[in-house]
Amino acid sequence: MAKPYNPVSAADYLPRHLLQEIQLKRLQNIIKHEYDNVPFYRQRMDEKGVKPEDIKTLKDIQLLPFTMKKDLRDTYPFGLFAVPMNKIVRLHASSGTTGKPIVVGYTQEDVDSWTNCMARALAAGGVTSNDIIQNSYGYGLFTGGLGAHNGIEALGATVVPTSGGNTERQIMLMRDFGVNGICCTPSYFIHLCEKAAEMGVNVKALPIRVGFFGAEPWTQEMRQRIEEASGIETFDIYGLSEMSGPGVGIECEHHCGLHIFEETFYPEIIDPDTGEVLPDGERGELVFTTINKFGMPMIRYRTRDLTRIIPEPCPCGRTLRRIDRISARSDDMFIIRGVNVFPSQIESAFLSVDATALPHYRITLTRRPDGLDDMLIEIEVREEQFSDDMRKMNELQKKFSHEIERILGIRAMVKIVQPGAIPRSEGKAKRVFDLRNTTK
Amino acid sequence: MYLKQLSVFVDNKPGALYAPCSALAEAGVNLSSIFLADTKDFGILRVITKDNEKALNVLRENNFAVKLTDVLAIEIEDVPGALSKILKTVESMGLDVLYMYAAVGTSGKPVMIFRFDDADNALEKLRDADCTIVSSEQFFA
């Protein structure tokens with residue numbers, strides 16, 4: 001279904017050579033700015049023997065050192081800021097899973113640029129000034145809430161800033177305000193639909209037609225489940241605080257990968273082991289350089305997200321290149337008994353047992369006194385899977401466990417639990433609970 | 001001739017039985033029979049009630065996974081050997097019993113509740129045998 005053209009999207013259709021010209025100018029500018037103003041990064045570049053003047057073509061970006069999440073922690077809180085504090089108008093911070101959070105700072109120009117990308121993301125999903133958009137991303141230090149909020153307003157649409165939580169009121173407002181679209185995490189929207197059904201509200205009968213879901217990886221099966229349960233069109237939106245927040249990439253109406261706002265975020269795909277840049281089409285780790293952000297530029301930031309750049313042009317006519325939907329974020333990865341495990345692998349095991357829906361689940365990692373690690377996977381039973389015959393229930397539990405063992409190569413304790421037994425998260429779904437004392 | 005039995009999936013943890021039972025109690029559902037099967041991980045609560053529809057609704061509203069199945073109720077004499085006699089018949093007919101438990105019928109006599117793998121086949125065979133099959137009307141009379 002073609003979306004109405006919105007002038008805000010003009011930059012999505014720049015001829016490639018013009019786009020590359022802009023990218024190169026911006027890259028050269030940002031590297032000089034970074035070199036002159038961030039001692040940490042200047043030292044990194046000096047160590048590699050590379051000067052800002054060495055960046056003569058876009059390809060020369062490969063001469064530059066990478067930035068890692070660890071670098072943000074090591075320079076906490078403001079060590080990577082490239083402007084004086086009086087130029088910084090906003091701070092955001094992400095929850096640090098291991099102690100210190102990651103802090104990001106924005107100049108007014110940075111906020112405007114972020115807002116512009118977010119507005120274009122919503123426009124790609126057909127949102128116009130006629131729409132009422134409920135923003136259920138958390139407001140606060142998390143970039144999701146305010147990022148989406150600014151974009152909705154910039155587009156001239158009406159924002160309902162519900163933030164996360166209080167699901168019953170969210171459903172009431174959605175119905176009473178005639179909300180057309182929603183921004184939230186996919187798992188929260190599933191929760192919202194379930195709650196609506198409990199309250200006797202038929203989401204399908206409401207005016208809501210579009211959802212922008214991100215901040216956590218989600219599967220194609222989750223998309224089908226959401227679309228079937230709610231009748232809305234879903235758009236995968238990609239972003240991360242280190243870049244700006246939501247609105248780094250977005251699906252268009254063809255839903256075949258996410259367009260990256262390349263004039264702002266320069267993407268590369270690298271081999272995560274060697275750091276070597278891979279050609280378009282090959283799968284590897286996504287790396288971004290923020291070429292239009294001055295408060296805290298990120299040079300070749302390693303996202304830990306695994307994907308590929310899709311080489312073919314998109315039928316929508318946007319010249320912005322696309323990446324595949326993120327199937328695995330290495331942040332969610334955990335290591336147990338020496339094996340790297342992605343929750344998405346466990347999800348695929350569930351779906352190979354029963355493809356109708358992805359169950360709610362929780363992974364708990366514990367360590368025995370003798371040092372051996374255990375993985376407990378609790379899976380909520382769906383009524384369609386339930387049988388009064390104990391043998392069938394034991395078989396179901398065994399099937400889950402066999403599939404998991406087949407896919408991961410290690411054994412997990414699988415336990416089927418009652419529907420609703422696993423607490424729902426109202427923000428980013430937390431699937432993995434690592435109770436091992438990994439600090440020893 | 002069948003009786004409808006309601007099964008509920010419950011976690012194997014303290015307090016897990018209270019939630020479904022109190023939900024049924026609040027809805028005013030009277031239980032004629034109740035039986036719990038459990039493994040180390042979970043349990044299946046099986047109840048027989050006259051008010052299946054109400055019970056089903058209230059349990060689903062409370063987010064339980066529930067299922068209605070056909071079971072056969074067979075009345076036996078309250079004397080030693082009555083149960084083994086009926087089990088001998090069942091065995092000789094090659095019927096597969098998934099599970100079985102005891103209830104008390106309105107007559108005061110014991111009623112055995114059988115869940116057969118193939119309920120239709122069991123009903124057909126047991127009808128011809130010398131068995132007192134209790135219908136739903138008789139059970140709740």
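The paragraphs below lead through one sheet of this predicted model and then through its nonpolar cores.

The sheet is an open one in chain A, where four strands lie in the order S19-S18-S17-S20 with mixed pairing. Strand S19 (413-417) and strand S20 (432-434) of chain A stand at the edges, and because each has a single partner strand, one side of each is left without a neighbour in the sheet. From one strand to the next, the twist averages 20°. At the S20 edge, strand S17 (residues 361-367) of chain A runs parallel to S20(A) and is joined to it by three bridges, and within these strands A:Ile363 stands opposite A:Val432 of S20(A). Helix H10 (residues 390-408) of chain A packs on the sheet, where it touches strand S18 (373-380) and S19 of chain A, and the direction of H10 makes about 140° with that of S19(A).

The nonpolar cores come next. In soluble globular proteins, nonpolar side chains tend to be buried together. The largest nonpolar core here has 68 residues, and of these A:Leu64 and A:Phe212 touch the most other members. Helix H4 (residues 108-124) of chain A gives the most to this core, contributing nine residues. Leaving aside residues up to four places away in sequence, A:Phe212 has contacts that include A:Ala121, A:Leu122, A:Tyr137, A:Ile182, A:Phe235 and A:Ile250, and also A:Gly125. Apart from this core lies another, of 53 residues, and among them are A:Leu206, A:Val341, A:Tyr361 and A:Leu408. Two of these residues lead back to the sheet region, since the range of strand S17 begins at residue 361 and that of helix H10 ends at residue 408.

Notes. Residues are numbered from 1 along each chain as its sequence is written. Chains are lettered from A and ligands numbered from 1 in the order in which they are written. This is a predicted model: local features need pLDDT of at least 70, side-chain atom pairs count only at pLDDT 80 or more; totals for chains, interfaces and linings use all residues. Side-chain values use heavy atoms; hydrogens and water are left out. Two strands pair if DSSP finds at least two bridges between them. Helices (H or I, at least four residues) and strands (E, at least two) are DSSP runs, numbered from the N terminus. Axes are lines fitted to C-alpha atoms, for helices over the stretch in contact, and angles run from 0 to 180 degrees between N-to-C directions. Contact means heavy atoms within 4.5 Å. A nonpolar core is a set of buried Ala, Val, Leu, Ile, Met, Phe, Trp, Tyr and Cys residues joined through side-chain atoms within 4.5 Å. Buried means under 20% relative accessible area, exposed over 50%, partly exposed in between (1.4 Å probe, protein chains only).
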